[in-house]
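Here is a short guided tour of one protein chain. Keep the sequence and the 3D view side by side as you read, and look up each residue when it comes up.

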Amino acid sequence: MTRLSAITPSGHAHIGNHLGAVRRWACEGRPGDLYFVSDLHAMTVSYNPARLRALSRELLAVLVAAGIDADQVFVQSDLVRELGALSWVLECACSFGEAARMTQFKQKSDSQGMVRLGLLTYPVLMAADILLSGADEVPVGEDQTQHVELARSLARRFNTTYGEVFTVPTAVTPPTAARVMDLSDPGRKMSKSTQDAAGTVFVLDDPDLIRRKIRRAVTDGEARLEYRPDEQPGLANLLEILAACLGKSPREAAAAYRSYGEVKNAAAEAVIEELRPIRTRAMDLLRDPAELDRVRAHGAARATERGAHRLAAALRLSGVG
Ligand code: TYM
């Protein structure tokens, strides 16, 4: 069993990315697992190239600082030739309807002036990421499970049409904190690319800023201190964050406090303690560009080598290459 997952440098990593994804990758990682910074995916909407480059380095540092083995991380664009080739093969196995049905495409294309073709085809590039690596498990939050389903369909279709090359992957979703919501608007998922950073706790935020953001989190008017996600989404979100940091269930966490203020203080301190060592290590790495370059080059070489025979076989069976 090997796992593959990724984080897109569309902004700074936040507590949702950490609790829903990166922390689990670090804890549950096994020797053959691979985790990467999906910088090519960040090009699907309007972006700034210099900022993309800086964010890719920052996220690479955050992955290593969170405890993922430096041997198991890479940056997606270091494999741009391999992934570009495999994406084309998979695009030719994917229908327009399948790509256009993706919920994330529908949501994101609604809010864009110019809808880039890459936004439509990006789940196919994600399938190429997964299938090139040969991973059988793909840990993702709920928002990404539909994309993993597409990768499954494309793998099966290619294997039955042209010949067995790809491992059919399965999405694995974490039980708690699968969806951390924005602190200012608990109806919306916490997102790296949000315009208003007040509702987003970033992994590299300093402790005072984290305290301020959590204290200002929107809660509801009701004074009941219970975990009721549908009726009290703001409080439920804070309880989920707190519970995930403490390794408890949200209901257990709710039972330990008497007021919203207490929950907010406890959540702020738990988040600060959770992020403290990661922030320190990430800052150290960002101050040592030569070390980060070394990690990056080594990861790129390993990931390229691992996918080479699969790409060659897929091209050969497709009647090209
Ligand atoms: P991305 O960068 O949007 O998110 C990275 C991981 O964080 C999870 N996540 C969240 N979890 C809980 N609460 C939130 N508010 C929250 N926001 C994000 C995501 O589910 C994800 O696990 N397309 C992917 C990256 C990708 C990928 C892949 C993943 C590219 N290629 C191949 C797996 C395999 C993405 O943009 O993730």
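Helices here are DSSP runs of at least four residues, and they are numbered from the N terminus, which is how a name such as H7 arises. The model is predicted. Its protein chain contains 12 helices and 5 strands, and 51% of its 321 residues count as buried.

**The chain as a whole**

- The radius of gyration of the protein chain is 20 Å, in agreement with the value near 20 Å that a compact globule of 321 residues would have.
- Taken along the principal axes, the C-alpha atoms fill a box of roughly 65 × 45 × 40 Å.
- Among contacts with a separation of 6 or more, 74% join residues that are 24 or more positions apart.
- The accessible surface of the protein chain is about 14,600 Å², and carbon and sulfur atoms account for 52% of that surface.

**Helix H7 and what follows**

- Helix H7 covers residues 145-161, which makes 17 residues.
- From its first C-alpha to its last, H7 reaches 24 Å, close to the 24 Å expected at 1.5 Å a residue.
- Which residues of H7 are buried? They are His147, Val148, Leu150, Ala151, Arg152, Leu154, Ala155, Phe158 and Asn159.
- When you look at the spacing of that list, it helps to know that an α-helix has 3.6 residues a turn, so residues three or four places apart point the same way.
- After H7 comes glycine 163, which has a positive phi, near 140°.

**Cysteines without partners**

- How many disulfides does the structure hold? The count is 0.
- For cysteine 27, the closest cysteine sulfur is the one in cysteine 245, and the 12 Å between the two sulfurs is too far for a bond.
- Cysteine 27 is exposed, because its relative accessible area of 61% is over the 50% cut-off.
- For cysteine 92, the closest cysteine sulfur belongs to cysteine 94, at 9.9 Å, and this too is too far for a bond.

**Lysine 213, a buried residue in H8**

- Lysine 213 sits in helix H8, which runs over residues 207-215.
- Is lysine 213 buried or exposed? It counts as buried, because its relative accessibility is 8% and the cut-off is under 20%.
- A polar atom of the lysine 213 side chain lies 3.3 Å from the backbone oxygen of alanine 197.
- Beyond its neighbours within four places in sequence, lysine 213 is in contact with Leu183, Ala197, Ala198, Thr200, Val201, Phe202 and Asp205.

**Two histidines to compare**

- Histidine 14 lies in the loop between strand E1 (4-7) and helix H1 (15-28), while histidine 18 is found in helix H1.
- Histidine 14 is buried, with a relative accessible area of 4%, and histidine 18 also counts as buried, at 4%.
- Leaving aside neighbours within four places in sequence, histidine 14 has contacts that include Met190, Ser191, Lys192 and Val203.
- With the same neighbours set aside, histidine 18 is in contact with Arg23, Val203, Glu274, Leu275 and Ile278.
- Histidine 18 and leucine 150 are 132 residues apart along the chain, and their C-alpha atoms are separated by 25 Å.

**Three residues in loops**

- Aspartate 39 belongs to the loop between strand E2 (34-37) and helix H2 (49-65), and it is buried, with a relative accessible area of 8%.
- Outside its neighbours within four places in sequence, aspartate 39 is in contact with Pro9, Leu52, Ser56, Val75, Gln76 and Ser77.
- Alanine 70 is in the loop between H2 and strand E3 (73-75), and it is partly exposed, at 24% relative accessible area.
- Not counting residues up to four places away in sequence, alanine 70 touches Val64 and Val295.
- Where is aspartate 196? It is in the loop between strand E5 (170-172) and H8.
- Aspartate 196 is partly exposed, with a relative accessible area of 40%.
- Aspartate 196 and serine 249 are 53 residues apart in sequence, and the distance between them in space is 29 Å, C-alpha to C-alpha.

Notes. Residues numbered from 1 in each chain as written. Predicted model: local features only at pLDDT ≥ 70, side-chain atom pairs only at ≥ 80, totals over all residues. Heavy atoms only, no water. Disulfide = S-S within 2.5 Å. Buried < 20%, exposed > 50% of the residue type's maximum accessible area, 1.4 Å probe, protein only. Polar contact = N/O pair within 3.5 Å; in protein donor to acceptor, adjacent residues only side chain to side chain. Contact = heavy atoms within 4.5 Å. Expected span 1.5 Å × (residues − 1). Rg over C-alpha atoms; globule rule 2.2 N^0.38 Å. Areas by Shrake-Rupley, 256 points an atom, 1.4 Å probe, with all protein chains shown as cover.
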